[in-house]
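Reader: I'm new to this structure and would love a close look at one part of it. Could you walk me through the aromatic side chains?

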Amino acid sequence: MLNLVEEIRQLKKQTNATILAHYYQDGEIQELADFTGDSLKLARAATQVKTETIVFCGVHFMAETAKMLNPEKRVLLPDLKAGCSLAESCPAPKLHRYQEMLRENGRQFQTVTYINSTAAVKALSDWVVTSGNAEEIIRRVPAGQEILFVPDRHLGQYLEEVTGRKMILWDGACMVHEIFSVGDLLALKKKLPTSITIAHPECPANIREHSDFVGGTEAMLKFVGNYAEPKDFLVATEANMLWQLQSKFPRHRYHPVPGITCACNKCPHMALNTLEKLRDCLIHGTPEIAWQPEFARAREVLQRSLLN
């Protein structure tokens with residue numbers, strides 16, 4: 001393993017590459033990365049990269065976002081099959097038909113799209129949001145306009161709660177966050193009565209309502225960092241986030257909230273990226289994200305939403 005890690009470090013220098021890794025990647029990949037973060041932090045970091053090549057250790061829509069914000073750079077993804085259940089739940093043709101139906105019925109609306117979506121869907125949108133900036137963007141939409149929020153209904157419901165804005169919600173959900181077991185969460189809280197529960201807003205309402213804090217991964221880090229004395233935290237998000245929490249704040253104890261079918265929830269799409277595939281993409285310069293016609297329009301929306 002040490003030889004493989006060292007090989008990747010040498011290849012990164014030889015190929016003039018920068019590695020970006022999402023918090024939901026395995027810890028061994030995060031440890032090798034030049035930048036780690038949530039989708040918003042990594043999108044912004046991608047615009048600051050000086051090297052010719054970006055290797056994005058995440059899922060396909062994240063690598064697409066990096067390419068759209070850096071058209072002149074080569075963007076590699078260790079495994080092109082690393083997709084996203086949320087992105088798959090909202091095909092662009094289906095969204096376009098629904099938007100047209102709303103317009104034909106005289107509805108005036110803006111489409112606010114979670115970043116977990118394809119470039120083609122982003123190109124149909126007025127705004128693109130992450131869990132880190134969604135509340136701010138929702139408050140920008142004029143009161144006279146309805147909001148069509150796609151594709152995550154749970155995040156949409158959470159945003160309705162915190163902003164007071166009713167929205168038209170697309171019926172999509174994250175396969176990881178949707179299957180946390182509320183029964184197991186309550187059992188953990190009973191076992192650790194002084195523990196603090198933190199949950200991602202992609203979680204369903206039955207998990208959020210039993211949580212002490214709801215926020216995206218960057219917000220979780222900030223929240224946990226505010227506790228000087230050691231605490232027990234029950235964490236309801238993708239299990240690799242515990243590596244990042246432990247790395248930054250080792251004084252605390254972290255307990256993953258179990259899923260319905262397993263002891264911890266790991267994203268199978270994120271897991272497709274491995275150290276071996278990271279090494280191979282640096283050696284061969286593939287798989288590469290190729291520029292697509294819809295990227296130009298999607299890029300405008302991304303820049304307005306995430307960078308301004």
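To start with, is W291 buried, partly exposed or exposed?

Author: Happy to help! Please keep in mind that this is a predicted model. W291 has a relative accessible area of 37%. Because buried means under 20% and exposed over 50%, W291 counts as partly exposed.

W291 also has an aromatic partner, F295. Their ring centres are 5.3 Å apart, and with 80 degrees between the planes the pair is edge-to-face. F295 has 0% relative accessibility, so F295 counts as buried.

This pair has company, as the structure holds six aromatic pairs. Another edge-to-face pair joins Y98 and W170, at 5.9 Å centre to centre and 85 degrees between the planes. Y98 belongs to helix α6 (residues 92-104), while W170 sits in the loop between β8 (168-169) and α10 (182-191), so this pair ties together parts that are 72 residues apart in sequence. Y98 is partly exposed, at 29% relative accessibility, whereas W170, at 9%, is buried.

Elsewhere, aromatic residues gather in a group: F213, F223, Y227, F233 and Y254 form one cluster. A ring can also have a charge over it: R304 lies over the face of W127, at 5.4 Å from the ring centre.

If you'd like to look at the helices too, try α4 (residues 60-69). Nine of its ten residues are buried, so this helix is largely enclosed by the rest of the structure. Its buried residues pack against several elements, including β1 (17-22), α3 (39-46) and α15 (295-307).

Note on methods
Residues are numbered from 1 along each chain as its sequence is written. This is a predicted model: local features need pLDDT of at least 70, side-chain atom pairs count only at pLDDT 80 or more; totals for chains, interfaces and linings use all residues. Side-chain values use heavy atoms; hydrogens and water are left out. Buried means under 20% relative accessible area, exposed over 50%, partly exposed in between (1.4 Å probe, protein chains only). Helices (H or I, at least four residues) and strands (E, at least two) are DSSP runs, numbered from the N terminus. Contact means heavy atoms within 4.5 Å. Rings of Phe, Tyr and Trp (its six-membered ring) pair if their centres lie within 6.5 Å; planes under 30 degrees apart count as stacked, over 60 as edge-to-face and the rest as tilted. A charge sits over a ring if NZ of Lys or CZ of Arg is within 6 Å of the ring centre and within 35 degrees of the ring normal.
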